[in-house]
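Here are my notes on the aromatic contacts. Please read them with the structure open.

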Amino acid sequence: MDVERPKLEGTVAVGEGRRLGFAEFGSAQGRTVFWLHGTPGARRQVPIEARAFAERNHIRLIGVDRPGIGSSTPHIYENVLAFSDDLRIVADTLGVDRMAIVGLSGGGPYTLAAAYALRERVVAAAVLGGVAPVVGPEAIDSNLMKLGAFVAPALQTAGVPIGVAMSAAIRVVRPFASPIIDLYGRLSPEADRRLLARPEFKAMFLDDLLNGSRRQISAPFSDIVVFTRDWGFRVSDVKVPVRWWHGDTDHIIPIEHGLHMVDLLPDARFHHLPGESHLGGLGASEEILTTVLELWDQE
């Protein structure tokens, strides 16, 4: 299945010789929703259904590369909060004033950081199976992030060269990318396996992987380093309305983490996805975009 190219792609200078890549879908004149990819992922990790919904409903849907993937310059943030300064510059450069933000998995912490730091501009936020803090007073225990904390010191220096090597390896196996996605699906929980078997989702992931990794793929390692640090803000201080979607068979971020986060957030609602796993929120993209627009209308 062919995937239509974004309406617009480019990079924005965010200071200190750094740039962030972006991709736009939907209507250039519509209300803006930033879509923050998972770990791993890149700016095109936006479901086909979300793109079509944005087109029909006059939404300006913008995916943003984090540092070290796609067209973005490698960089490790001091903490999660620091990303919001870059997003502010991207929004200013693209002529965006008010916005909603959606974040999948590793994009969740950055979504909450932007909602906290840009609260005068962010009208609503949605998180899909997002990562929770593992240090500080709001931390929750995570076996996956314990492993992350163990390897984080090495990744601070080795993440970029490892990412370059992985990018080269992906170029070598590019002809076999589709069977590799199939293999990952067969090794995933049933719900994610069903989603990855859908042609439109498989095509989106392939397009994002092959384009995002063309130059580098150090962003996932940078995410791990940053997630194992104090986030730089308190989740309980995020006043913007947040809606959280989480599958109850999520094998990467347990549903208990989502419930923990919603308990911390002052204005949040939990959307339980029965039988869904880590990617389940992507299959609910129309519901998610509808919800953030309704919150926008209620402002």
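1. Phe233 is buried, with a relative accessible area of 5%. This is a predicted model, and every value here is computed from it.

2. What is the ring partner of Phe233, and how are the two arranged? The partner is Tyr116. The ring centres lie 5.4 Å apart and the planes meet at 20°, so the pair is stacked. Distant parts of the chain are linked by this pair. Tyr116 belongs to helix α3 (residues 107-117), while Phe233 sits in the loop between α8 (219-227) and β7 (242-247). The two residues are 117 residues apart.

3. Is Tyr116 buried or exposed? Neither: Tyr116 has 23% relative accessibility and counts as partly exposed, because the buried class stops under 20% and the exposed class begins over 50%. Tyr116 also has a charged neighbour: Arg119 lies over the face of the ring, at 5.0 Å from the ring centre.

4. The structure holds six aromatic pairs in total. Another of them joins Tyr77 and Phe83. Their centres are 6.0 Å apart and their planes stand at 85°, so this pair is edge-to-face; the cut-off for that class is over 60 degrees. Tyr77 and Phe83 are both buried.

5. Which residues do ring pairs link into a cluster? Tyr77, Phe83, Tyr110 and Phe227.

6. Trp296 has a charge over its ring as well. The charged end of Arg31 sits there, 5.2 Å from the ring centre.

Definitions and conventions: Residues are numbered from 1 along each chain as its sequence is written. This is a predicted model: local features need pLDDT of at least 70, side-chain atom pairs count only at pLDDT 80 or more; totals for chains, interfaces and linings use all residues. Side-chain values use heavy atoms; hydrogens and water are left out. Rings of Phe, Tyr and Trp (its six-membered ring) pair if their centres lie within 6.5 Å; planes under 30 degrees apart count as stacked, over 60 as edge-to-face and the rest as tilted. Buried means under 20% relative accessible area, exposed over 50%, partly exposed in between (1.4 Å probe, protein chains only). Helices (H or I, at least four residues) and strands (E, at least two) are DSSP runs, numbered from the N terminus. A charge sits over a ring if NZ of Lys or CZ of Arg is within 6 Å of the ring centre and within 35 degrees of the ring normal.
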